[in-house]
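Dear colleague,

I am handing over the structure below, together with some notes on what turned up in it. Please read them with the model open beside you.

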Amino acid sequence: MLQTPESRGLPVPQAEGEKDGGHDGETRAPTASQERPKEELGAGREEGAAEPALTRKGARALAAKALARRRAYRRLNRTVAELVQFLLVKDKKKSPITRSEMVKYVIGDLKALFPDIIARAAEHLRYVFGFELKQFDRKHHTYILINKLKPLEEEEEEEEEDLGGDGPRLGLLMMILGLIYMRGNSAREAQVWEMLRRLGVQPSKYHFLFGYPKRLIMEDFVQQRYLSYRRVPHTNPPEYEFSWGPRSNLEISKMKVLGFVAKLHKKEPQHWPVQYREALADEADRARAKARAEASMTARASARAGIHLW
């Protein structure tokens, strides 16, 4: 879902002598009590000359480890997306899905990571597609998917009704709104399509839950004003970006979307302090607007009943 930041490389650490401007034996004139045999001084210089090479070697080893971690993380993400698609396709037949099938056709040599992979796949199924993954036979490790009528929290029932009660569509919209919010309230069109691909959803290819995802986004979400779509100024060739539409601003709070993102990343909303402060301000604005609306309704009702409060 949202993207996970990756390391861009490691700085090459300096040797101790470089931090201090050189080795003491090379930069200070020794006193009589500090004089050493020439052979010993020469040995000291040899050791000092070897230190930067050892440090560079250590830095290359660290960089190689960091690269290996990034590759492993990308592979894990790809495996989770593939497992989600596998489970959705298998569910079309309404037949139970076994752990051995998942390992054989998707997970492969990452079998040791099965608990983490299945847990992350279950979260994506729950929050993005509106399905709950249930293990109904622990002995044989057999799973089924249950279609949830309310894929998010109970208070989101109104948004679901606005989208025709379609859990997967609402989950996809929340993913896009989350991407936009986490990227500073706008996201390039290419970034949205890339996010879909990471979920295993090709924007221009038919998907049995979304139909044609790109058409759903451009014709439904944009036309219903859940998303705004505009050209980025001064771009050649032209580029386009998405932002929250007026309907999303009215119906879906920033705190709700931040909570959605936090659940997918297994973190608390406070993990993103900038977005969290903005969401708190949005909650306060909504509370004030609700209070004003309720006061206005009470005043009108009192006037109709002939009751004067002042």
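The notes below begin with how the values were obtained and then turn to the core, a helix and a sheet.

This is a predicted model, in which local features need pLDDT of at least 70 and side-chain atom pairs count only at pLDDT 80 or more, while totals for chains, interfaces and linings use all residues. Residues are numbered from 1 along each chain as its sequence is written, and side-chain values use heavy atoms, with hydrogens and water left out.

The largest nonpolar core (buried Ala, Val, Leu, Ile, Met, Phe, Trp, Tyr and Cys residues joined through side-chain atoms within 4.5 Å) has 63 residues, and those touching the most other members include Leu-125 and Ile-176. Its largest share, 11 residues, comes from helix H7, residues 167-182 (helices are DSSP runs of H or I with at least four residues, strands runs of E with at least two, numbered from the N terminus).

In H7, 16 of the 16 residues are buried, meaning under 20% relative accessible area with a 1.4 Å probe, protein chains only. After H7 comes Gly-184, with a positive phi near 90°.

An open sheet of 3 strands runs in the order E4-E6-E5 with antiparallel pairing, where pairing requires at least two DSSP bridges between two strands. The edge strands are E4 (187-188) and E5 (227-231). H7 packs on this sheet, touching E4, E5 and E6, where contact means heavy atoms within 4.5 Å. Between E4 and E6 (residues 240-244) there are 2 bridges, and Ala-187 stands opposite Phe-242 in E6.

With best regards

Definitions and conventions: Buried means under 20% relative accessible area, exposed over 50%, partly exposed in between (1.4 Å probe, protein chains only). Axes are lines fitted to C-alpha atoms, for helices over the stretch in contact, and angles run from 0 to 180 degrees between N-to-C directions.
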